[in-house]
Amino acid sequence: MVLNIDTLAGVVLDFRQDLFSPTAAQTLFTLAAVPYDTQSVSVVVNGVKYELTTHYTVLGAAITWNNVAFTMATTDGVEINYAVAV
């Protein structure tokens with residue numbers, strides 16, 4: 001666990017990482033916690049970072065893959081990094 005303080009809001013943040021092995025054509029990924037904000041979320045698939053709104057969306061703890069760059073396969077590795085308020 002890494003803690004950081006958001007100096008603008010005075011909020012202590014815990015940075016998390018959830019790892020997924022998707023099913024074929026999976027589009028919905030549920031995080032272990034709700035991110036502090038959508039800008040704190042980054043999605044990395046097979047070592048490549050993708051862009052919010054272009055490739056994925058965030059709503060609460062749900063990350064939806066938009067299938068823009070490609071459709072998920074069982075061989076893909078998905079890493080989702082995000083911050084949560086402590």
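What follows is a chat about a predicted model and how its strands, core and loops fit together.

Biologist: Before we start, what should I know about this model?
Modeller: It is predicted, so local features need pLDDT of at least 70 and side-chain atom pairs count only at pLDDT 80 or more, while totals for chains, interfaces and linings use all residues. Residues are numbered from 1 along each chain as its sequence is written, and side-chain values use heavy atoms, with hydrogens and water left out.

Biologist: Thanks! Which residues have the most contacts inside the largest nonpolar core?
Modeller: Those are V43, I63 and I80, in a core of 18 residues. A nonpolar core here means buried Ala, Val, Leu, Ile, Met, Phe, Trp, Tyr and Cys residues joined through side-chain atoms within 4.5 Å. Buried is under 20% relative accessible area, exposed is over 50%, and partly exposed is in between (1.4 Å probe, protein chains only).

Biologist: And which elements give two or more residues to this core?
Modeller: They are β4 (42-45), β6 (56-59), β7 (62-65) and β8 (78-85). β8 gives the most, with 4 residues. Strands are DSSP runs of E, at least two residues long, numbered from the N terminus.

Biologist: Why is β8 largely enclosed?
Modeller: 6 of its 8 residues are buried, so the rest of the structure largely encloses β8.

Biologist: Which way does β2 run against β8, parallel or antiparallel?
Modeller: Antiparallel: 8 bridges join β2 (residues 11-20) to β8. In that pairing, D14 stands opposite V84. β4 also pairs with β8 in the antiparallel sense, over 4 bridges, and there V45 has V78 as its bridge partner. Two strands count as paired if DSSP finds at least two bridges between them.

Biologist: Back to I63 for a second. What does I63 touch?
Modeller: Not counting residues up to four places away in sequence, I63 touches T27, L28, F29, L31, V41, V43, Y56, T57, V58 and I80. A contact means heavy atoms within 4.5 Å. V58 also stands opposite I63 in the sheet pairing, where β6 and β7 run antiparallel over 4 bridges.

Biologist: What is the strand order in that open sheet?
Modeller: The 3 strands are in the order β3-β7-β6, with antiparallel pairing. β3 and β6 are the edge strands, each pairing on one side only.

Biologist: New topic: S42. Buried or exposed?
Modeller: S42 is buried, with a relative accessible area of 14%. S42 is found in β4, and leaving aside neighbours within four places in sequence, it is in contact with K49, Y56, E79, I80 and N81.

Biologist: Now D37. Where is it?
Modeller: D37 is in the loop between β3 (28-30) and β4. D37 is partly exposed, with a relative accessible area of 32%. Its side chain reaches the backbone nitrogen of S40 at 2.9 Å. D37 and Y82 are 45 residues apart in sequence, but 8.5 Å apart in space, C-alpha to C-alpha.

Biologist: Last one: what is the phi of T53?
Modeller: Phi of T53 is near 70°, a positive value in a residue other than glycine. Most residues other than glycine have a negative phi. T53 sits in the loop between β5 (48-50) and β6 and is exposed, with a relative accessible area of 60%.

Biologist: And how about N67, what is its phi?
Modeller: Phi of N67 is near 55°, also positive. N67 lies in the loop between β7 and β8 and is partly exposed, with a relative accessible area of 30%.

Terms used: A polar contact is a pair of N or O atoms within 3.5 Å; within protein, one must be able to donate a hydrogen and the other to accept it, and residues adjacent in sequence count only if both atoms are side-chain atoms.
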